[in-house]
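Please walk me through this model, starting from its strands and ending with its pocket and its cysteines.

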Amino acid sequence: MSVRDDILGRLRRQLGRTDSTSAAARARVEATIAQPQTGPRAAADGLLDRFIERALAMISTVDRCATEAEVPAHCADWLRGQGLPTTLVVAPALATLDWAGAGLDARIGAATGDDLVGVTGCFRAIAETGTLMLCSGPQSPAVNSLLPETHIAVVPRQHIVADMEAAWADARRELAPWPRAVNFVSGPSRTADIEQTIVLGAHGPYRVHLLIVG
């Protein structure tokens with residue numbers, strides 16, 4: 001079995017865990033596993049493949065869209081497919097997207113205890129671990145990834161980096177002033193404190209959905 005076949009098999013098994021995962025979403029994710037290439041494009045594809053593989057292993061779900069303008073429609077399709085509310089709180093950085101046009105009731109701002117779905121961007125996505133690096137600020141309230149039961153993260157493909165060291169190097173170079181909080185999200189919140197049984201949603205979202213753009 002080739003490496004490509006092995007990765008595809010694991011993706012299919014992870015995506016097949018929920019009956020409501022659409023065939024179109026599975027096709028979009030599997031399409032990221034390209035034929036062997038060389039050069040910068042191959043390196044970028046390798047980071048993308050690794051990030052998706054590790055994110056799925058962390059019990060996140062993954063979808064892809066070509067442009068940021070398509071984000072609301074993809075969010076709406078996923079929420080309806082999961083039987084989840086279509087009322088959501090959206091980080092100000094994503095306020096210009098046409099949420100209403102996708103049939104979503106979106107409030108722009110910071111989440112409260114009453115919000116069930118929160119949408120954020122991300123500063124970096126770490127391929128080595130399938131982890132999101134979220135930096136708080138006026139355009140990206142930290143609570144949007146912490147309080148709602150469902151966290152949807154919009155991940156620009158160019159924000160995927162190899163490892164934690166690369167993410168911190170970008171932060172030191174690009175962030176001024178330094179954010180009050182830097183949070184790392186590796187799938188849904190979980191704990192095994194009680195009898196070593198994994199419980200999701202213990203200290204944060206029950207589910208994390210990653211929408212990779214580009």
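**The mixed sheet**

In this predicted model, Arg124 of strand S5 (residues 124-126) has Met133 as its bridge partner in S6. S5 and S6 run antiparallel and are joined by three bridges. They form a hairpin with four residues between the strands, and in this hairpin Gly130 takes a positive phi near 70°.

The hairpin belongs to an open sheet of four strands, in the order S8-S5-S6-S9, with mixed pairing. Its edge strands are strand S8 (160-161) and S9, each of which pairs on one side only. S5 and S8 run parallel and are joined by two bridges, with Ala125 standing opposite Ile160 in S8. On the other side of the order, S6 and S9 are antiparallel and share four bridges. Leu134 has Asn183 in S9 as its bridge partner.

How many of the five residues of S6 are buried? Five of the five are, and the strand is mostly covered. In a regular strand the side chains alternate between the two faces of the sheet. Thr131, Met133 and Cys135 lie on one side of S6, Leu132 and Leu134 lie on the other, and all are buried, which leaves both faces of S6 covered.

**The parallel sheet**

Another open sheet has six strands in the order S1-S12-S7-S4-S2-S3, and here the pairing is parallel. Strand S1 (61-65) and strand S3 (105-108) are the edge strands, each pairing on one side only. On average, neighbouring strands of this sheet are turned by 25° against each other, direction ignored.

Within this sheet, strand S2 (residues 87-90) and strand S4 (residues 117-120) pair in the parallel sense over two bridges. Val90 stands opposite Val119 in S4.

At one edge, S1 runs parallel to strand S12 (residues 207-213), and five bridges join the two. Is S1, an edge strand, enclosed by the rest of the structure, or open? Four of its five residues are buried, so S1 is largely enclosed by the rest of the structure. Val62 is found in this strand. Its relative accessible area is 2%, so Val62 counts as buried, the cut-off being under 20%. The bridge partner of Val62 in S12 is Leu210. Val62 also has its C-alpha atom 7.1 Å from that of Ile52, a residue ten positions away along the chain.

**Two backbone details in loops**

Ile59 lies in the loop between helix H3 (40-57) and S1. Phi of Ile59 is near 70°, a positive value in a residue other than glycine. Ile59 counts as partly exposed, at 35% relative accessibility.

The other detail concerns a proline. Pro177 is placed in the loop between helix H5 (164-174) and strand S9 (182-185). The peptide bond that joins Ala176 and Pro177 is cis, with omega about -5°.

**The largest pocket**

Rolling a probe the size of a water molecule over the atoms shows where empty space is left. The largest pocket has a volume of about 270 Å³. Its lining is made up of 19 residues, and those nearest its centre are Gly121, Cys122, Phe123, Cys135 and Ser140. Strand S6 (131-135) and strand S7 (150-156) are the elements that give two or more residues to this lining. S6 is a strand of the mixed sheet, while S7 is a strand of the parallel sheet. What is the make-up of the lining by residue class? Eleven of the residues are nonpolar, eight are polar and none is charged.

**The cysteines**

A disulfide is a covalent bond between the sulfur atoms of two cysteines. The cut-off used here is a pair of cysteine sulfur atoms within 2.5 Å. By this rule the model has zero disulfides.

Why does Cys65 form no such bond? The closest cysteine sulfur to that of Cys65 is in Cys75, and at 8.0 Å it is too far for a bond. The same distance holds from the other end: the closest cysteine sulfur to that of Cys75 is in Cys65, 8.0 Å away. Both residues are buried, Cys65 at 4% relative accessibility and Cys75 with a relative accessible area of 1%.

Conventions
Residues are numbered from 1 along each chain as its sequence is written. This is a predicted model: local features need pLDDT of at least 70, side-chain atom pairs count only at pLDDT 80 or more; totals for chains, interfaces and linings use all residues. Side-chain values use heavy atoms; hydrogens and water are left out. Buried means under 20% relative accessible area, exposed over 50%, partly exposed in between (1.4 Å probe, protein chains only). On a 1 Å grid over the protein atoms alone, a cavity is a set of points where a 1.4 Å probe fits but cannot get out, and a pocket is an open set with protein on both sides within 12 Å along at least five of seven lines; lining residues have an atom within 4 Å of a point. Grid points are joined across faces, edges and corners, and a volume is the space filled by probe spheres set on the points. Ala, Val, Leu, Ile, Met, Phe, Trp, Tyr, Cys and Pro count as nonpolar, Asp, Glu, Lys and Arg as charged, and the others, Gly among them, as polar. Two strands pair if DSSP finds at least two bridges between them. Axes are lines fitted to C-alpha atoms, for helices over the stretch in contact, and angles run from 0 to 180 degrees between N-to-C directions.
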